[in-house]
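Colleague: Before I plan anything around this protein, could you take me slowly through one part of the model, strand by strand, and then place that part in the rest of the chain? I would like one connected account rather than a list.

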Amino acid sequence: MGSGEWTSTSMPYLAPRAAGESDAWTSEAQAHGSKGGQRILQAGERAASAEVAEMLGTTAGETVVVRRRLIALDGVPCELTDTYYPASIASGTRLAATGKIRGGAVTFLAELGFVGVRAVEMITARMPTADELDQLRMEPGEPVLQIARVTLDGEDRPIQADVMVMPAGQQQLRYEIKLGPSQPG
């Protein structure tokens, strides 16, 4: 981490936390000897864009709940995340408000009866928007990584969609894939 690289794995962010535990980002940063923080920039209902509608299996323009967070490591912005929820799950809940949720949103979703069992991620590299440059305090010309993740429940229904944007030069993503037992030949 001293070199400015951060190796991130998605797994801790997909499972509910035990009672009394902090959110996954705070715990991961502490495990690396750093301080993780996040600030909720906005939360509430919004019409779904075509991209979000596709991720959540709904139609463009349908109401969804969104939480926009600026994630920081040792006080330095390192990720801008928009998390979307179907309105049927999140409207009128803490997910639609700007307050921090103890244990994180995944834990709160589980308390509501929505547990993710599968996640699909799409990773792209691109140039940042002007807003992303500003929010992430990046230099012009530096690319970003964008991870678009959909979390699905046991009935394969989308319960959460995340669009995460981070400076590409500060990231290293780690994926571990478990394959089922081999079948006899």
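**A close look at β6 and its surroundings**

Modeller: In this predicted model, β5 and β6 are joined by 9 bridges and run antiparallel to each other. Within that pairing, Ala119 has Thr151 of β6 as its bridge partner. On to the next pairing: β6 and β7 are likewise linked in the antiparallel sense, over 9 bridges, and here Val150 stands opposite Ala161 of β7.

How much of β6 is covered? Of its 9 residues, 9 are buried. The side chains of the strand divide between two directions, with Val144, Gln146, Ala148, Val150 and Leu152 pointing one way and Leu145, Ile147, Arg149 and Thr151 pointing the other way, and all of them are buried. Arg149 and Thr151 are thus among the buried residues of this strand, as is Gln146.

The connection from β6 to β7 deserves its own look, since the two strands form a hairpin with 5 residues between them. Asp156 belongs to the loop between β6 (144-152) and β7 (158-167), and its phi is near 65 degrees, a positive value in a residue other than glycine. As a background point, most residues other than glycine have a negative phi. Asp156 counts as partly exposed, because its relative accessibility of 44% falls between the limits of 20% and 50%. A second case is found at Asp74, in the loop between β3 (63-73) and β4 (76-86), where phi is near 50 degrees and again positive in a residue other than glycine. Asp74 is partly exposed as well, with a relative accessible area of 46%.

Stepping back to the sheet, 6 strands form an open arrangement in the order β2-β3-β4-β7-β6-β5, with antiparallel pairing. Its edges are β2 (36-47) and β5 (118-126), each of which pairs on one side only, and neighbouring strands are turned against each other by 15 degrees on average, direction ignored. On the other side of β7 from β6, the sheet order places β4, and β4 is joined to β7 by 5 bridges, also in the antiparallel sense. In that pairing Leu80 stands opposite Val165 of β7.

How does this part relate to the nonpolar interior? The largest nonpolar core has 13 residues, and those touching the most other members are Ala48, Val52, Met55, Leu56, Val64, Tyr84 and Ala161; Ala161 is also the residue of β7 that stands opposite Val150. The elements giving two or more residues to this core are α2 (50-56), β3, β6 and β7, and the largest share, 4 residues, comes from α2. Apart from this core lies another one, of 10 residues, which includes Ala90, Ile101, Phe108 and Ile159. In general, nonpolar side chains tend to be buried together in soluble globular proteins. Val64 may serve as an example of the surroundings of one core residue: leaving aside neighbours within four places in sequence, Val64 is in contact with Gly44, Glu45, Arg46, Ala48, Val52, Leu56, Tyr84, Tyr85 and Ala87.

For the chain as a whole, there are 5 helices and 8 strands, and 41% of the 185 residues count as buried. Of the contacts with a separation of 6 or more, 60% are between residues 24 or more positions apart.

Note on methods: Residues numbered from 1 in each chain as written. Predicted model: local features only at pLDDT ≥ 70, side-chain atom pairs only at ≥ 80, totals over all residues. Heavy atoms only, no water. Buried < 20%, exposed > 50% of the residue type's maximum accessible area, 1.4 Å probe, protein only. Pairing = 2+ DSSP bridges. Axes fitted to C-alpha atoms, helices over the stretch in contact; angles between N-to-C directions. Core = buried A, V, L, I, M, F, W, Y, C linked by side-chain atoms within 4.5 Å. Contact = heavy atoms within 4.5 Å.
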